[in-house]
Amino acid sequence: MYRIRRAAAAAAAAAGGRPMGRGLSTSRVAQTTSATLKALGLDSYNLGVYNGAWGGSGSIVETLNPATGEVLGAVQQASARELSETLDLATAAQLTWRTLPAPRRGEVVRQMRQAIADKRQALGRLVALEMGKIEAEGVGEVQEYVDVADFAVGLSRSMAGKVLPSERPGHAMLEVWNPLGVVGVISAFNFPVAVYGWNSAVALTCGNAVVWKGAPSTSLTSVAVTKILAEVLEANALPGALCSLVCGGEDVGAQMADDRRVDLLSFTGSTRVGLQVAQRVQARFGRSLLELGGNNAIIVHADADLDLALRAVLFAAVGTAGQRCTTARRLLLHDSIHDAFVERLVAAYKQVRVGNPLDPGVLCGPLHSPAAVAAFEQGIEDVGLQGGRILCGGRALRHLPGFFVEPTVTSIAHDAPVVLREVFAPILHVSRYSNLDQAIQWNNAVAQGLSSSLFTASPEHMFRWIGPEGSDCGIVNVNIPTNGAEVGGAFGGEKETGGGRESGSTAWQQYMRRQTCTINYSGALPLAQGIKFE
Ligand code: NAD
């Protein structure tokens, strides 16, 4: 959550001194906030543009702690002119960077990985404070950056082209991969470190400069990450513009989409905005990579290990307060286990502690903003209107400071309109099915195609699920939750999820240009026969 400066002081005053969650006082949260900002070189006011030098002359945005409503700090955003200057500087910086051999670029990315890892705890805590996920998840998200950076360092020695057989004598054909130029990254609020991390680690290794616009409501995290990377670039006498930052909102994002100097625009966010961005980029015949919304299902079949499935469903539906793109939003239960499973699930939900994400006993933190709470309430209302029932939860916790809601389980038809759309909140819709083919069909019957899981003990069902008649999603899991994919293989989905691949075996190819080269070493060119060349 963020706001333009003026209104913020009143919110801070209003929230001051109230108890937070269970056992965490606002003074303790305030102390943690100032220690965390200090550890990351942040202040109460920060510049939000970096392109070798720090600047910022756009609006001043104050980001809020979603658990308290209090102001964390202010970041001055980029103006249109600053974005344009930054794109020039990034373009110039890439000209040198692209000539460095890939393994040497990988070595710089390795140093960045180490610098991020050294600040893992403080960065993870800042993510908890600013985004609202629990601290363990904040630290885990930073670790994802570290892991993908490891992956990218390995890639720097293995991004291989090909030598192809030519049909002409004395000719060789090669497939050669070259850097694209400038990669723009627009990221969502819910993964304020990892999404940028895995884009930038791979894009830099591929020889590109990166220009990043994070979500305005997580601007402090964007500045903190960029400060860490800027130090590494400086220590290597490399231009800072290779890791440029342009904090901003819709205006800056739209300008990035329109600008021809952005050779690839990697966008992570909602399907609605992703479509607009893709159309703008397409209008200039540019290239985009889209990681958009999900509406993920877990199927628990009759032969599943129910203890395993129960744990997985709870984690997948409640973790990050339902604000992961891979959150489980739909639960399809076989008739034979439906009633007992629901009973145990509801009992488990009742033990989930909702509260301040810094409190180690808390599993479910706040939603990110009041708008998210309103979307949750709309979702709950729709369940009632569309013939569903609330099995547990269902209320916004408006008596608490911050933006808390109850993790919710509903019972509803698999094709009710509210089930078919992504409500970015901890609402899990349960439906029952009678045979697996039907459940797979229901899994696939939504517009999104991000993640999916089947719980079963049968190899026959497992292979059906991952085969041509199975799930149509980008992530297809068996006996682990929808958000349990491995780094390096994670992310990328089909249909309205956008079809992008920011990670995984061939993801690097999206950050490069493939060129097919034919080399004639025969000394002859049997073309235009019959013409005399004087
Ligand atoms: P959002 O679409 O509202 O915003 C995403 C980014 O786009 C932000 O940086 C925002 O400032 C920017 N933006 C807004 N309007 C723009 C415009 N007109 N032009 C260019 N940029 C613009 O999404 P959000 O609420 O921040 O994030 C939640 C959504 O992101 C969910 O739908 C979630 O599923 C999705 N998500 C997907 C993945 C994935 O890998 N598939 C990962 C994380 C989040």
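1. A cavity here is a set of grid points where a 1.4 Å probe fits but cannot get out, and its lining residues have an atom within 4 Å of a point. Please keep in mind that this is a predicted model. With that in hand, how many cavities of 30 Å³ or more does the structure hold? There is one, and the largest cavity encloses about 40 Å³ of space. Its lining is made up of Asn295, Arg329, Val418, Val419, Arg421, Val423, Ile427 and His429. Two elements give two or more residues to that lining, namely α14 (417–420) and β20 (427–433). By type, the residues lining the largest cavity are four nonpolar, two polar and two charged.

2. Now to the open space. The largest pocket holds about 1300 Å³. It has 44 lining residues, and those closest to its centre are Phe189, Gly269, Ser270, Arg272 and Val273. Two or more lining residues come from each of α7 (194–205), α9 (250–258), β14 (264–268), α10 (271–283) and α13 (370–385). Which element gives the most to this lining? That is α10, with five residues. The lining of the largest pocket splits into 23 nonpolar, 13 polar and eight charged residues.

3. The nonpolar interior is worth a look next. As a general matter, nonpolar side chains in soluble globular proteins tend to be buried together. In this model the largest nonpolar core has 91 residues, and Ile116, Tyr196 and Val225 have the most contacts inside it. Helix α8 (residues 219–235) supplies the largest share of this core, nine residues. Apart from that core lies another one of 44 residues, including Ala67, Ile298, Leu333 and Val346. If you would like to centre your view on Tyr196, its contacts beyond four places in sequence are Tyr145, Val185, Val210, Trp212, Val225, Leu229 and Cys243.

4. Helix α5 (residues 120–130) is mostly covered, with eight of its 11 residues buried. Those buried residues are Ala122, Leu123, Gly124, Leu126, Val127, Ala128, Leu129 and Glu130. What covers them? The elements over the buried residues of α5 include α2 (26–39), β7 (60–64), β8, α4 (102–118), α6 (135–155) and α8. After α5 comes Gly132, with a positive phi near 110 degrees.

5. Strand β8 (residues 71–76) contains Gln76. Is Gln76 buried or exposed? Its relative accessibility is 14%, and buried means under 20%, so Gln76 counts as buried. The Gln76 side chain makes a polar contact with the side chain of Tyr45, at 2.5 Å. Tyr45 is also one of the residues that Gln76 touches beyond four places in sequence; the others are Asn46, Leu47, Gly48, Val49, Gly56, Ser57, Gly58, Ser59 and Ile60.

6. Ile299 sits in strand β16 (residues 296–300). Its relative accessible area is 0%, so Ile299 is buried. Leaving aside neighbours within four places in sequence, Ile299 is in contact with Leu332, Tyr433, Leu436, Ala439, Ile440, Asn443, Ser453, Leu454, Phe455 and Trp465. For a distance to check on screen, the C-alpha atoms of Ile299 and Val313 are 9.7 Å apart, with the two positions 14 residues apart in sequence numbering.

7. Gln448 and Lys495 can be viewed together. Gln448 belongs to strand β21 (residues 448–449), and Lys495 to strand β24 (residues 494–495). With a relative accessibility of 9%, Gln448 counts as buried, whereas Lys495, at 37%, counts as partly exposed. Beyond four places in sequence, Gln448 touches Gly293, Gly294, Asn295, Leu420, Arg421, Glu422, Glu494, Lys495, Glu496 and Thr497. Asn295 and Arg421 will be familiar from point 1, as both line the largest cavity. The backbone of Lys495 also deserves a glance: its phi is near 50 degrees, a positive value in a residue other than glycine.

8. A last backbone point concerns Ala237, in the loop between α8 and β13 (243–246). Ala237 is not a glycine, yet its phi is positive, about 55 degrees. Where Lys495 is partly exposed, Ala237 is exposed, with a relative accessible area of 72%.

Notes: Residues are numbered from 1 along each chain as its sequence is written. This is a predicted model: local features need pLDDT of at least 70, side-chain atom pairs count only at pLDDT 80 or more; totals for chains, interfaces and linings use all residues. Side-chain values use heavy atoms; hydrogens and water are left out. On a 1 Å grid over the protein atoms alone, a cavity is a set of points where a 1.4 Å probe fits but cannot get out, and a pocket is an open set with protein on both sides within 12 Å along at least five of seven lines; lining residues have an atom within 4 Å of a point. Grid points are joined across faces, edges and corners, and a volume is the space filled by probe spheres set on the points. Helices (H or I, at least four residues) and strands (E, at least two) are DSSP runs, numbered from the N terminus. Ala, Val, Leu, Ile, Met, Phe, Trp, Tyr, Cys and Pro count as nonpolar, Asp, Glu, Lys and Arg as charged, and the others, Gly among them, as polar. Buried means under 20% relative accessible area, exposed over 50%, partly exposed in between (1.4 Å probe, protein chains only). Contact means heavy atoms within 4.5 Å. A polar contact is a pair of N or O atoms within 3.5 Å; within protein, one must be able to donate a hydrogen and the other to accept it, and residues adjacent in sequence count only if both atoms are side-chain atoms. A nonpolar core is a set of buried Ala, Val, Leu, Ile, Met, Phe, Trp, Tyr and Cys residues joined through side-chain atoms within 4.5 Å.
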